[in-house]
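User: I have a new structure to look at. Can you walk me through it?
Analyst: Yes, here it is.
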Amino acid sequence: MKKIDEDILKYLSGLMNNEEITDFENKLAGDSSFKERYNQIKEKAGEFSSVREIELNEAYFNNLLPRVHNKLIKRKKVKLIREYALILPTVITVLLVIIMSILDRNGEIDLPKSLASEVVNNIDDDELADNLIKDYSFESVLNMSQRNGEFEIFIPENVNLSLNSISQYVDFSKIDYSQVENISGTELEKLYNNLSAITFEKVSK
Amino acid sequence: MMEKDNDFELVEKFVSGDETAFNLLVRKYQKRIYWHARQMLGDHLDADEVTQEVLIVLYKKLKTFSYKSSLYTWIYKIVTTRSLNQIRRKKIKRLVSFENDENKEFVSHHDIINDIVNREKIDKVNKALEKLPPKQRQIFVLRNFDQLSYEEISEITGKSVGGLKANYFHALKKVMEMVDEKD
């Protein structure tokens, strides 16, 4: 770029000090070829700013505000969903914990206790011992063993015990049936079902 | 001054719950916002995205506007920052080849300048502006298109007036050289 053009651009950019401005304007007034070049450059620079006057599609601007409002509404919804997305899992977790604890109580504590008392209340000791051992093989009902003089009951896994083998180890007169309360829910349910079946068989006979 | 007083009144109305005041502000500034974004970004789709974002920011932040500056310099601050960010985003996208020439075709089909002559005119300007570094483009656009004073640009960009003059000079020089080459 020529020095003359650079000076014109400096002037247009406001980079000149007062002294330089005076010199420039004097030259502009006295030198016609300089003024011509100045006008050319100014015109070219002006072409860029004239773009502002280009007509734009008004429909776009008429539609802009509704689009912005729609976007705002959508964002509010997303924000709400995000907030709920954080709260909801927490609420669900809390609810699940509550439900689980209730179920747990029913399943693991209340149910076995009630079942145990039913078993103990409805079937007397002799009947329990006799019928269980007579009518049912212990492989599917109970396994009995004597440890520290206490009676323990648990569900056997592939154990086949007959009456004779049990009587060798167990003194039925010393059986503490309150131990039934220590049986877990699932075990107790199985036991209860089996005892009910025995009772039903007896009654139907 | 009238403009400033009117803005103040509209902002006050909006803050006290009058939504129509916001609509009036949008009507007043939407073209300036769009044009600035358009000159900075070079195409309609990007300019549209930035314009909408700026209006959303206005809607959300207008309540916190403290009148330390005039409303329009505050608006320019938002639009110019958003535009620069969009340029950066586009550059990153280009680097990882998310954008190609098909996009340019798509963009030209969605332009809001219907007249072909005008579209060619603006394309010519955009090509020259594309060659400028984003910060120089920002100053060139604010000075040349938006016709703001250096003091106003300084308020918007946070740069010194002397630095802005030098930057504008370099931008203008580059643009003129490009125009001369083509002629």
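Analyst: One term to begin with: a salt bridge is a side-chain nitrogen of Lys or Arg within 4 Å of a carboxyl oxygen of Asp or Glu. The model is predicted.

User: Fine. Which side chains meet in a salt bridge at 2.5 Å, N to O?
Analyst: Those of Arg75(A) and Glu53(B).

User: How many salt bridges does a search of the whole structure find?
Analyst: The search gives 12 over all chains. As for the pair just named, Arg75(A) is in helix 4 (residues 58-122) of chain A and Glu53(B) is in helix 3 of chain B, so the pair joins two chains.

User: And how many salt bridges are across the interface of chain B and chain A?
Analyst: The rule finds 6 there. Between chain B and chain A there are also 12 residue pairs in polar contact, counting pairs with both residues at pLDDT 80 or more.

User: Which elements of chain B give two or more residues to the side that touches chain A?
Analyst: They are helix 2 (19-41), helix 3 (44-61), helix 6, helix 7 and helix 9 (161-182) of chain B. Helix 9 of chain B gives the most, with 11 residues.

User: What does that side look like by class?
Analyst: The side of chain B that touches chain A has 22 nonpolar, 10 polar and 14 charged residues.

User: How many residues does each chain put into the contact?
Analyst: Chain B puts in 46 residues and chain A puts in 34.

User: What area do the two chains bury between them?
Analyst: Chain B and chain A bury about 3,900 Å², with 65% of it on carbon and sulfur atoms.

User: Changing topic: at what angle do helix 6 and helix 7 of chain B cross?
Analyst: Roughly 140°, and the axes of helix 6 (residues 116-130) and helix 7 (residues 134-145) of chain B come within 10 Å. Angles over 145 degrees would count as roughly antiparallel. Helix 6 and helix 7 of chain B are therefore oblique to each other.

User: Which residues meet there?
Analyst: From helix 6 of chain B, Val125(B), Leu129(B) and Glu130(B); from helix 7 of chain B, Arg137(B), Phe140(B), Val141(B) and Phe145(B). The residues of that contact divide into 5 nonpolar, 2 charged and no polar.

User: Last thing, the loops. Which residues have a positive phi without being glycine?
Analyst: Among them are Tyr67(B), with phi of about 60°, and Gln147(B), with phi near 50°. Most residues other than glycine have a negative phi.

User: Where are those two?
Analyst: Tyr67(B) lies in the loop between helix 3 and helix 4 (71-95) of chain B. Gln147(B) is in the loop between helix 7 and helix 8 (150-157) of chain B.

Conventions
Residues numbered from 1 in each chain as written. Chains lettered and ligands numbered in written order. Predicted model: local features only at pLDDT ≥ 70, side-chain atom pairs only at ≥ 80, totals over all residues. Heavy atoms only, no water. Axes fitted to C-alpha atoms, helices over the stretch in contact; angles between N-to-C directions. Helix = DSSP H or I, 4+ residues; strand = E, 2+ residues; numbered from the N terminus. Parallel < 35°, antiparallel > 145°, perpendicular 65-115°, else oblique. Contact = heavy atoms within 4.5 Å. Nonpolar A, V, L, I, M, F, W, Y, C, P; charged D, E, K, R; others polar. Buried area = accessible area lost by both parts, 1.4 Å probe. Polar contact = N/O pair within 3.5 Å; in protein donor to acceptor, adjacent residues only side chain to side chain.
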